[in-house]
Amino acid sequence: MKALTKTAAILPLAASLAVAVPTAQAQPSRGCAAEGAAVRLNQRAFEPRAPKRAILPSEATEAVEFRILDAGGDVVFEGRSMVFGPDPLAGESVHQLDFSALRLPGVAYRVTTECGDSHPFDITSDPWRALARDALAYFYHNRAGVPIEALLAGGDAWARPAAHTDEVASCRSGEDPAGNDWPGCDYELNVTGGWYDAGDHGKYVVNGGIATWTLANFVERQALRGEPAVFADGVARIPEAGNGIDDLLDEARFEMEFLLRMQAPEGATAQVPVGVKRAGPGLSFSTIDAGGMAHHKVASIEWTPLPMAPHEDSQPRVLYPVSTAATLNLAATAAQCARLWRGSDMAFSRRCLAAAERAWDAARRNPEVYFVAAFSGSGMYGDTDLGDEFFWAAAELLATTGKAEYAEVVREHPAFREPLLRQPAWPRTAALGLVTLALDPDALEPGERDRLRRSLVAAADRFAEERERTGYHIPRDAGDWAWGSNSDLLNRALLLALAHDFTGQDHYRHAVIDVMDYLLGRNPLDRSYVAGYGERPMEHPHHRFWAPSYDQGHPAPFPGALSGGPNNTAMIDPVAKRLRGHCAPLACWADDAEAYALNEVAINWNAPLVWVAAWLQATAP
Ligand code: 9MR
């Protein structure tokens, strides 16, 4: 990738010199943007003192002039672009326009260039508060087992009756598509509640784990730093508002209660393939002591159709086999739960700790029960490397109990020493444990904790540096963009935010803002990936209830829902298949409800959006 070739001359104009100018006309011969606005930027708002960048697709090889107009059309800023040149991630040549020096709060500013204008944007002292709240509302809207009330949901359109109530399920049995005959189990669990995973109606312990941890971690970070709560009781529109507990913690508990319900009872046995990493024919089943293990997921027998409100689903719900991955997700989140509820609900805290230790023991007893039951009707969340889950669970248990046995596992694990190279994700959870240990004041020796902090800061440094090699100035320069890539950026932003917490250095916060600017419109598609935010927001997620493109009677996505984002690594849905081979990495996306590999919404993607938006709100200068 090409490095910057020119530096900008920034010429802020005093307001008194402002003059009205006509909007510039597009000049396609200069390789201007073919689609959307000529200039790409955060379509919502900038903080007055934050860096402000826009991107101009242009093949001009010399810097070009740009101006910023206020709502009345007066010029309030003039500058010259920096030529970046061809950006393989974007599939176009771009210039970067820096107008950080424009700090005057205002609404409906526009950038204007020889290629045309940007969308309007604001400069305001608190651009994050609404986003943080809406992003959190995603979770209430996607609760299972309870009615979604119009008053809390923001209107009748989003209300729906309770669905999958009294969800008492037993294990799926019978032949899978590969011909393996699954034996089922001889007990039932009441697994009512929790959040639907995504556009589908499945509920998965593996993905529920990272999403719950992420919400709860923000509460823990705030408490340890003595910061005021962003979601103090009553801030969110949830039934629990007014109960005296932080609303973010209330929302996390809604899922935690479900995760606890997914644990197999003492004395349970299961017949599962042991040590087998891949689904396929000819599985052999061994009988294990499954007491304390967590079932991997609960879902309808077949994929529910689109559109469909959850309460319209009449299919039987079934549990899928226990897995070591799900068990360790339970151990980790239940241990975190025990710490976080200690102060407010001791009985719940104890229940969580007991479940966490039972799960830990069960996973140690059954370390290689991979999820290989390849039935259709729900996602796999298969993971063949569980070392990071063991580390995460041990780290959480150590932070909660201080016990030597967990300290030993943590200290012996490679993740404790090796540099952190990647952001966390549902199958890569070591970083979650590292974060917990880096935040916790007593889990480790102070020297060890400081070393972990330095290691997280070093990861943040590497991410921040990658921005310089991308035209759109985002902290990821690799060419492969995975399913849910927007969450990868947000999980990098979470680590960048912690680097700011640990060092106090503003440039980490600036990199966090780069991620938000990208998500809110500074991207090659000129789209905001957040429903309800920006001039061209995502409107048609792959979601069975928020499905107006299938049926006008279904509501639009609630504002604050985040699209998975560009995906050029698993282009398997019908829309992605058509794009395959025809899109640059950051352009492999479409606002189409059929595009489940590109445009689904999910709990593990909205959770870091909550974390990062709340963090920006809390740390705004
Ligand atoms: O987010 C998951 C992604 O990392 C996987 O590559 C993909 C395919 O296995 O599945 C994604 O998770 C989906 C899950 O399996 C079912 N519910 C919707 C999830 C988001 O698309």
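I count a residue as around the ligand if one of its heavy atoms lies within 4 Å of it. The model I am reading is predicted.

**Entry 1: the ligand**

I looked up which residues are around the ligand. They are D197, A198, D200, Y204, G379, Y381, W426, W483, E600 and W605. Next I looked for polar contacts to side chains. I found a nitrogen atom of the ligand at 2.9 Å from an N or O atom in the side chain of D197. For D200, I read 3.0 Å between a side-chain N or O atom and a nitrogen atom of the ligand. W426 meets an oxygen atom of the ligand instead, with a polar side-chain atom 2.9 Å away. I then checked how much of the ligand is covered. On its own the ligand has 450 Å² of accessible area, and the protein covers 78% of that. I also checked the pockets. The largest pocket is the space taken by the ligand.

**Entry 2: the sheet of β15, β19 and β20**

Strands of a sheet pair through backbone hydrogen bonds, and the pairing is either parallel or antiparallel. I looked up the strand order here. Three strands form an open sheet, ordered β15-β19-β20, with antiparallel pairing. Which strands stand at the edges? They are β15 (203-204) and β20 (317-319). Each has a single partner strand, so one side of each is left without a neighbour in the sheet. I followed the pairing of β19 (residues 297-300) with β20 and noted three bridges, running antiparallel. One residue pair I wrote down is S300 with its bridge partner R317 in β20.

**Entry 3: strands β16 and β17**

I moved on to β16 (residues 269-272) and followed its side chains. They alternate along the strand. A270 and V272 point to one face and are buried. T269 and Q271 point to the other face and are not buried. Then I looked for the partner. Strand β17 (residues 286-289) pairs with β16 in the antiparallel sense, over four bridges. Opposite T269 I found D289 of β17.

**Entry 4: two arginines in loops**

I looked up R527 first. R527 sits in the loop between α12 (506-519) and α13 (574-579). Is R527 buried or exposed? Its relative accessibility is 14%, so R527 counts as buried. The cut-off for buried is under 20%. I also traced the R527 side chain, and it reaches the backbone oxygen of R536 at 3.1 Å.

Then I turned to R342. R342 lies in the loop between α5 (324-340) and α6 (346-365). Its relative accessibility is 39%, so R342 counts as partly exposed. I checked R342 against T400, which is 58 residues away along the chain. Their C-alpha atoms are separated by 9.9 Å.

**Entry 5: two helix residues**

I looked up S485 in helix α11 (residues 485-503). At 1% relative accessibility, S485 counts as buried. How far apart in space are S485 and A394? I read 28 Å from C-alpha to C-alpha, with their places 91 residues apart in sequence.

My last look was at L224 in helix α3 (residues 205-225). L224 has a relative accessible area of 41%, so L224 is partly exposed. I compared its place with that of P441, 217 residues apart along the chain. The C-alpha atoms of L224 and P441 are separated by 8.2 Å.

Note on methods. Residues numbered from 1 in each chain as written. Predicted model: local features only at pLDDT ≥ 70, side-chain atom pairs only at ≥ 80, totals over all residues. Heavy atoms only, no water. Buried < 20%, exposed > 50% of the residue type's maximum accessible area, 1.4 Å probe, protein only. Pairing = 2+ DSSP bridges. Polar contact = N/O pair within 3.5 Å; in protein donor to acceptor, adjacent residues only side chain to side chain. Areas by Shrake-Rupley, 256 points an atom, 1.4 Å probe, with all protein chains shown as cover. 1 Å grid on protein atoms, 1.4 Å probe; cavity = no way out; pocket = protein on both sides within 12 Å on 5 of 7 lines; lining within 4 Å. Sits in = over half its atoms within 2 Å of the grid points.
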